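Reader: I would like to learn how to read the inside of a protein model, both its empty spaces and its packed regions. Could we go through one together?

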Amino acid sequence: CTVMISTYNADSKKIRHYPANSCLLPLCSLYGLAVTTVEGVGSTTTKLHPIQQRLAKCHGSQCGFCTPGMVMSMYSLLRNHPEPSMEQITAALDGNLCRCTGYRPIIDSFSAFSPVRMCSGLCKPEEFHPRDPTQDYIFPPELMKLLGIWYPVLLHPVRIPELHVVTMGENGIVIGAATHLAQLRDILLSLVPELPAEKTKIYRTLLKQLRTLAGEQIRSLASLGGHIVSRGSVWDLNPVLAAGNAVLNLASIDGTRQIPLNDEFLTKVPEADLSPMEVIVSVFIPFSKEDEFISAFRQAERRKNALSVTNSSMKVLFQPGTDVIEDLAIFYGGISDTTVSARNSCLKLKGRNWNDQFLDEACRLILEEVVVSPSAPGGKVEYRRSLLVSFFFRFYLEVLHSLKMMYPFQYPDLPKEYMSALSEFQEKPPQGMQIYQVSGDVNPHQLPQDPVGRPIMHESGIKHTTGEAVYVDDIAPADGQLYMAVVTSTRAHAKILSIDTSNALEEPGVVAVVMACDIPGENGDADEKVFAEDEVIYIGDIICGIVAETYECARNARSKVKIEYQDLELILTIEEAIEHNSFLSKEKKIEKGNVEDAFETVDKILEGEIHVGGQEHFYLETNSIFVIPRKEDKQMDLYVSTQDASNAQELVASVLDVPANRITCHTRRVGGAFGGKGLKTSYFVAAAAVAAHKTGCPVRFILERDDDMRITGGRHPLWGKYKVGFMTDGKIKAVDLEFYVNGGCTLDESELVIEYVLLKCPNAYDIQNFRCRGRACKTNLHSNTSLRGFGFAQAGLSAETWIAAVADYLYLPHDEVREMNMYKNVTETPYKEEIDPTNLVVCWEECLEKSDYYKRRQAAEEFNKQNYWKKKGIAIIPMKFSVGYNETFYHQAFALVHIYLDGSVLVSHGGCEMGQGLYTKMLQVASHELKIPLSYIHNYERTTATIPNAIVTSGSIGTEVNGKAVQNACQILRKRLEPIMEKNPDGKWENWIKEAYEGSISLTATGYFKGYPTNMDWEKGEGHAFPYFVFAAACSEVEIDCLTGDHEVKKGNFPAFLFLQIEGGFIQGLGLYTMEELKFSPEGELYTLGPDTYKIPAVCDVPEHFRVYLLPNSRNPIAIYSSRGMGEAGVFLGSSVFFAIRDAVAAARKERGLNRNFTLNSPLNVERIRMVCADRFTEMIPWAIFLKHLPVFTVGLVESVCQV
């Protein structure tokens, strides 16, 4: 929703452009301003802006839902800085999120505007159009005239000059309260170089915090006065202003006065606060003094655009020329409901010398005075307490270092190993490289117009960048359209005693309430209901829908529905489900060799467990449905953002009790799905269809983000237990595994997920005696479902965990144990499917070579010897990914190809375009098979009217199976045309088509692909479960901050088979394993309901060096054109970051004399990293003392319990 706002300053005669979230802008605030949307930047009907062209050509768009926002952020930057630096470009994207691309191609495309171009190789800069300044909209002159008109009732802070004042006095500067934070940053950036350094310490500290505070859109709207007066606990500037003795200038009808911005103001002590009629006019920020030092710190789940877990600012003033404390101020945020001060501690420490004895006493006093409640929102109590003293220790060292710089002969040098505590991670623009083999390198006889094997721009790429791509909610309103919002359960498990909708129906604009009794057919299916009837089984269970003339009316009326419940027994966790024998499916098992006998012959046996947390899909487009009933024959059109149009059609037909041929489902494109818009979406469609059936009107049902996250499930949390037997050289002889996943309240895809966990849990390791068992648990949480790489993402991490346990126990390098136990020769998997691991070995060796693994490991070890508070880690992980499904019919596909008399071609197939480029690839297939240019071919939307009974688009096979069907149809057509072509070989395509038509040759063909022959016999635990395997290896290097748990991915190298979406998958995996965390209340309510509480990776999380290598001269004889399904496999490659962090943690623990054998759970976030790097400061926290002395291999579990 990013737009560009332009405003004219009559005093300076300058125009300012800035990005803003349109959803945060009151309409009245735009008076006199110009608003530019993506449609105003460029379009296909006028002229593309270079931003749009470059983003599309550099493959910076996949699903396209986030793309207009990216364009507008960059456009706003260019209007102010025509040649921005790479730092400015990445900062401009702070407030933008993308779930598909992994960000690297977006940064690549925008780097074309920077003097430092960072092209990775997939785009051709020579084809870029130069920027044309005449294409940019000018500020409308008529708006300048409005500035001289007086409107007595127009009140808004941006209109009041006194609120925008910027003046410098003898003792400091005065900043108007309405100054936007982005303006404050620019003011300070221009001011700091002009003043003596000793005067600008507080200003530089503010700039440090402003770099990571929110995104550019928020910084451009939020004001300094609003930031101060709202006094949020985690606001990053308030502690700095309080420590720096800022003063607030107030005004009211009674006059003006000043109050200090101190701890009493921040805690809203009445005597120190504003009166009800006062406003903040401006803020006085004093200059710093020569013997004064101030600094600020923050730690968040994500380095940028994320609220702090804890923040702090500290200031010390020494008696001139000494280290005797004259004044001390310490403020913390994120501890309570507002910023708190360690005032008493500071008073006790005045007059003390700045030395080690002072440090110990200060830490003790701070921990005694600043209390974090055990029930603090967001949890992480022990972690927050550790940050209190970790931040103070860093401040202590910074001041010591500064004293040494000021008085070099008065103070000793800091110990060398402590110097690493001074530095914080500095963001660097990520650099990428993609090395691949184009088809021309393989087949020199390929025609230039043949697009197969060549990097083709996404067929909707331009429309994504111009905002012309139509998603469900972009469809124009239909006559009589109504809107629906749903009422969901507030109890996780309860009987419904009564539902009273009378008050809701009385609300103006409400047309109807729909519930289970309004369904003419079946209420869902055997697994799940459309509307809850007698019982609710999770918080978010849909009970009824409010249908109204506007969405706002429908949403507001939800609170008028009164529901009485009777609570029932609650099961939320895997442990509780096991205790109550609550499961969704029977136990599945795979066994190879004789595990028990093998355990008798090994040198050592280790047992342990691993917990892998869930993950939200976080597609940018939430579930979106638009249902239009037709006027006859009970027909209905469904416009749905779904992966499974056929399933939606089938369920709606059943619910409405009509034949499926009366229901037509349409899907043009999906704004991201990742497995989350399959089965569950069909129930949403059915609910909207019931509303349309009852009212006879079109119904639009667009879920808001919090509803989408509350109602739909994501990746299954997993609890895995392992028992592994091995020899002293590291060779593993026997493995016994037991898995449980939290399936939630209904079956959904849980049985398939646990099957995939078992089939894929060995990863790339050839274990001769192997056994695994697993079950899906039934709990009262939302139903978890498939999510990119489902099953394998969790099971693969488990495999690497027991490999790491063996290596740690034997004090062997992890890569050595991995390589020793990898598949090497043609053999069988535990379920007796043949595997040829030749390319696995090649990928492994290539990764070792191209990443300079051994050289970088040696460098990391040397770095770790010299740095106590920073540690580097490196890990290399192999991957064997099984593509597809273990049922043949799940691979079948259909296509319909028409050739029109003008020679144009229309392609229909059963695949849904979700950003993976499926439509683009189908065009490539048709072009190749018909031997005509791409420009002749058009993709029709996915609709059940042309392609019935198609299988869900998922599992990384959508391209190849639908491609096979399109190929089949095109080959049929080409064969029909061959006699005509042979008669007239020099003819044109259009002439051949006309002649074929006149010869009564059909120009329409149906294509069909039966599917890959796969099967799995779970009674025997064997079968040919998958069509083929994809192999890869990933190497990542990280650096961690042992004081805070912060970490930075330095490098990532990934030799693999197929580029596709490797980078996007990797970044999504990085989120799964290191950042994204779902949190529930003890009653089963999901706390993490949006981007403010649930953090996915952003631009700041992309590795500094991100390189992908595609293995040349590799063949896949099974799939079309030797393609391979890599859309999901890339997720697991993100685990290389997890194990690189683990390697760095191990280095820290070793140096501290802690147990080398430990287990870490996923996500391995900043809290877990910090707390497992135990040191003198965590020992001050009672729980951390207990954590340090835990038995071997149970650290992760207790940390998880601590989280709960």
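Author: What follows is a talk about cavities and nonpolar cores in this structure, which is a predicted model.

Reader: How many cavities of 30 Å³ or more are there, and what volume does the largest cavity have?

Author: A cavity is a space where a probe fits but cannot get out. By this rule the model has 10 cavities of 30 Å³ or more, and the largest has a volume of about 240 Å³.

Reader: Which residues line the largest cavity, and which strands or helices supply them?

Author: The lining consists of 23 residues, and those nearest the centre are Arg303, His1047, Glu1048, Cys1100 and Asp1101. At least two lining residues come from each of strand 9 (292–300), strand 38 (1047–1056) and helix 32 (1062–1074), with strand 38 giving the most, 3 residues. By type, the lining divides into 11 nonpolar, 3 polar and 9 charged residues.

Reader: Where does the largest cavity lie with respect to the domains?

Author: The largest cavity lies between domain 2 (157–415) and domain 4 (588–615 + 714–885 + 1019–1152), because both give residues to its lining.

Reader: And which residues touch the most other members of the largest nonpolar core?

Author: In soluble globular proteins, nonpolar side chains tend to be buried together. Here the largest nonpolar core has 234 residues, of which Tyr332, Trp354, Phe392, Trp802 and Trp989 touch the most other members. Helix 14 (residues 381–406) contributes the largest share of this core, 14 residues. A second, separate core has 44 residues, among them Leu207, Ala243, Leu266 and Val281.

How values were computed: Residues are numbered from 1 along each chain as its sequence is written. This is a predicted model: local features need pLDDT of at least 70, side-chain atom pairs count only at pLDDT 80 or more; totals for chains, interfaces and linings use all residues. Side-chain values use heavy atoms; hydrogens and water are left out. On a 1 Å grid over the protein atoms alone, a cavity is a set of points where a 1.4 Å probe fits but cannot get out, and a pocket is an open set with protein on both sides within 12 Å along at least five of seven lines; lining residues have an atom within 4 Å of a point. Grid points are joined across faces, edges and corners, and a volume is the space filled by probe spheres set on the points. Helices (H or I, at least four residues) and strands (E, at least two) are DSSP runs, numbered from the N terminus. Ala, Val, Leu, Ile, Met, Phe, Trp, Tyr, Cys and Pro count as nonpolar, Asp, Glu, Lys and Arg as charged, and the others, Gly among them, as polar. Domain bounds come from an automatic or database domain assignment. A nonpolar core is a set of buried Ala, Val, Leu, Ile, Met, Phe, Trp, Tyr and Cys residues joined through side-chain atoms within 4.5 Å. Buried means under 20% relative accessible area, exposed over 50%, partly exposed in between (1.4 Å probe, protein chains only).
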